[in-house]
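Welcome! Here is a short guided tour of a protein model, written for someone meeting its chains for the first time. Keep the picture open as you read.

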Amino acid sequence: MNTIRLINKPFFFLFTITLFFTVNASFAQPDGAKLFKANCAACHKPDKDLVGPALKGALERWEGNEEMLMLWVKNPQKALETGDQQVKKLYDEWSPKGGMMTPQSLNDEEIMAVFAYADAYAPPAPKVEQGGKITYVKQDDSWLWLAVLSVLLITAILVLRSVVNVLQNAIRIEKGEDLESAIPVGDSIGNWLSNNKVLTFFITLFIVIALFIKVWDEALAIGVYEGYKPVQPIEYSHEVHAGKLEIECVYCHSGALQSRTAMIPSANVCMNCHNAVSEGPLTGTEEIQKIYDALGWDGSAYTGETTPIEWVKVHNLPDHVYFSHQQHYVVGDVDCTECHGDMTKETVGKQNAKLTMAWCLECHNTMEIDINSSAYYDEVHNRLLEHGEEELKGYLEDGKITVRELGGFECSKCHY
Amino acid sequence: MKLSKLYRNIGLASLALMGISCGEGDPNSPGIEYMPDMYRSPSIEVYVDYENPSVSSVRVPVAGTIVFTSDEANEMYNYPYPYADSFEDYERAGLEVTSPIPMTEETVEEGKVIYGNFCLHCHGKSGQGDGGVPSNSEYPPPPAYDGNNLKNLPEGKMFHTITYGKGMMGSHASQLSKKDRWTVIQYVKYLQNGGKMVADVSNEASVEE
């Protein structure tokens, strides 16, 4: 035991010394950047006005009145009550934006460290975005190239044909035979077809079958708008908001929590952040300006002149079917991505699923219900126990209860 | 010759049909519509432009509208909030307004879900102000719940802030009902207290009544 203690003693001593110096150092020099971030950054920027004024140059502005500045930071209410002119001017100018400043429990040294940090602050060099702007609308130009290619090929065929004719005639002249007039294109194809009847039959069969499949596919796609992604009035990016910034879907589409529709957020929800963010990483100020125009926001106040943003509706269900987001998202606990796909990789809204009845029923058929998730199922359970214990046993035969077994296939569940 | 003409016609017709059916491209067109009357509802649907100002689907309610509910337990949440968006009323709310919802494990759990949906991306998982938005962009971080500024923030001020916004935070009144706001405040208080339940005497008293 004693030896262990002896060995440990110098280490302990060293440790104490180090600790003492570290703690002492942090007392001697408060970290301005850290204090700024913890206490001021929510409302102030070092070099720009935000909710409160820029802190850069504050010491200069308050020269000769530093004591009042300290009092203002520590207890703004008290500073205002002293009737100091500079404090009053500051309050009148900024209180409409952010109200009264929160009293800060910092000492003089710490406050000076924050101002020193702000004065020495240099903004980081702007990041150069790789790849430039995202193209939102992809123009499909492939058909144009196909057309050009086929024109070229047809021209080549005709040219080669006439070359063959000229050469054949040259041979005939050489042999001293009579010149034959060239056979018309149509007749020559016809001759070839009647000479190769079996081959022609199979080619025709192939064309007819291919055509049938194509028509069949096209017919099935009538009224199915899978992949529909219309151009929207604002080039919004789900990738930035839901992907990079990790904002939940229902933050903006909060209707999904309480109604049929998930809702396109009204522009006031945009302004929860965009009152301060006027420039985005993809489209600069251009698209965000459209929100401001719609709301009549001139950068500091609302002018009262509003114009609606005319979003294009993407998901259209026929009139004869009823769908509720709340029922699926809140009660059924279905994740948004199950139907909408991974929107964190998309720009504007896109119809990811088919939204056909077969597509609905596919899920209703297999989706298991968590009986404990909602009191609604207690009611169903009790009703079954009372009136149809046999039926209940039927459900439990395979050990799981699906949406179908609780009526998810009944017409009137969705068509009413 | 007759046969060959027939073949030729079939061939030409198929080429023409293929040409027509290949026509894709305009992203603004959803596709071919079968029986348009079933897609164009006679009842008024949301987000449909009826090109008629008297038929608009999403409208702002008349000022002063109060939500009707037959549920007496929730009726109180529909009354107007009597404090204005001003600094004086912020202070007053801090002194006068208290939560009608007690802090129980259940309400904290409910509040956590709301917090995850509406607060987490800025305030962070444990309320340190390190959510996705301030971490991945230039957006200024909100102060930590258990930091100097917010450690002793009364719940009335929290409610006032969610309702009207404060500083960089915007109003969340359109997204959260009053009941939701009070529920999420229970979870914020839980985080403010370092992730522990607060033994609140006043709430316990009101429950016993």
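## A buried helix and its surroundings

In chain B, the buried residues of H7 pack against two helices of that chain, H3 (87-96) and H8. Keep in mind that you are looking at a predicted model. From this helix we can work outwards to the cores, the chain contact and a few unusual loop residues.

**Helix H7 of chain B**

- H7(B) is largely enclosed by the rest of the structure, because 8 of its 10 residues are buried.
- The buried residues of H7(B) are B:Glu155, B:Gly156, B:Met158, B:Phe159, B:His160, B:Thr161, B:Ile162 and B:Tyr164.
- Try clicking on B:Phe159: beyond its neighbours within four places in sequence, B:Phe159 is in contact with B:Ala93, B:Val97, B:Arg181, B:Trp182 and B:Ile185.
- Just after H7(B) comes B:Gly165, which has a positive phi near 85°.

**The two chains at a glance**

- Chain B has 9 helices and 0 strands, so its pattern along the sequence reads α-α-α-α-α-α-α-α-α.
- Chain A has 20 helices and, again, 0 strands.
- In chain B, 30% of the 209 residues count as buried, while in chain A buried residues make up 17% of 416.
- Take the contacts in chain B with a separation of 6 or more: 58% of them are between residues 24 or more positions apart.
- In chain A, 66% of the contacts between residues at least 6 apart in sequence join residues at least 24 apart.
- The domain assignment splits chain A into domain 1 (1-27), domain 2 (32-120), domain 3 (142-182) and domain 4 (356-416).
- Between the C-alpha centres of domain 2 and domain 3 of chain A there is a distance of 88 Å.

**Where the chains touch**

- How many residues of each chain are in contact with the other chain? The contact involves 63 residues of chain A and 51 residues of chain B.
- On the chain A side, at least two residues each come from H2 (32-40), H6 (85-98), H9 (185-195), H10 (197-220), H12 (249-252) and H13 (267-274).
- H10(A) supplies the largest share of that side, with 6 residues.
- By residue type, the side of chain A that touches chain B has 32 nonpolar, 19 polar and 12 charged residues.

**Nonpolar cores**

- The largest nonpolar core holds 40 residues, and those with the most contacts inside it are B:Tyr115, B:Phe118, B:Phe159, B:Val184, B:Tyr187 and B:Val188.
- Elements of both chains give two or more residues to this core: H12 and H13 of chain A, along with H4 (105-118), H5 (120-123), H7 (155-164) and H8 (178-192) of chain B.
- The element that gives the most to this core is H8(B), with 7 residues.
- There is also a second, separate core of 21 residues, and among its members are A:Ala41, A:Leu69, A:Ile111 and A:Ala113.

**Two crossing helices in chain A**

- H2(A) and H7(A), the latter spanning residues 108-120, pack at an angle of about 100° with their axes 8 Å apart.
- That angle makes H2(A) roughly perpendicular to H7(A).
- H2(A) brings A:Gly32, A:Ala33, A:Leu35, A:Phe36 and A:Cys40 to the contact, and H7(A) brings A:Glu110, A:Ala113, A:Val114, A:Ala116, A:Tyr117 and A:Ala118.
- Sorted by type, the residues of this contact are 9 nonpolar, 1 polar and 1 charged.
- Which residues of H2(A) are buried? They are A:Gly32, A:Phe36, A:Ala38, A:Asn39 and A:Cys40, and the buried residues of H2(A) pack against H7 of chain A.

**Unusual backbone angles in loops**

- Most residues other than glycine have a negative phi.
- A:Met263 is not a glycine, yet it has a positive phi of about 75°.
- You can find A:Met263 in the loop between H12 and H13 of chain A.
- With 21 other C-beta atoms within 10 Å, A:Met263 is buried.
- A:Leu355 is not a glycine either, and its phi is positive, about 60°.
- Look for A:Leu355 in the loop between H16 (336-340) and H17 (357-366) of chain A.
- A:Leu355 is buried, with 20 other C-beta atoms within 10 Å; the cut-off for a buried residue is 20 or more.

Methods:
Residues are numbered from 1 along each chain as its sequence is written. Chains are lettered from A and ligands numbered from 1 in the order in which they are written. This is a predicted model: local features need pLDDT of at least 70, side-chain atom pairs count only at pLDDT 80 or more; totals for chains, interfaces and linings use all residues. Helices (H or I, at least four residues) and strands (E, at least two) are DSSP runs, numbered from the N terminus. A residue is buried if 20 or more other C-beta atoms lie within 10 Å of its own, exposed if 12 or fewer, and partly exposed in between; C-beta atoms are placed from the backbone. Two residues are in contact if their C-beta atoms, placed from the backbone, lie within 7 Å. Ala, Val, Leu, Ile, Met, Phe, Trp, Tyr, Cys and Pro count as nonpolar, Asp, Glu, Lys and Arg as charged, and the others, Gly among them, as polar. Domain bounds come from an automatic or database domain assignment. A nonpolar core is a set of buried Ala, Val, Leu, Ile, Met, Phe, Trp, Tyr and Cys residues joined through C-beta atoms within 7 Å. Axes are lines fitted to C-alpha atoms, for helices over the stretch in contact, and angles run from 0 to 180 degrees between N-to-C directions. Angles under 35 degrees count as roughly parallel, over 145 as roughly antiparallel, 65 to 115 as roughly perpendicular and the rest as oblique.
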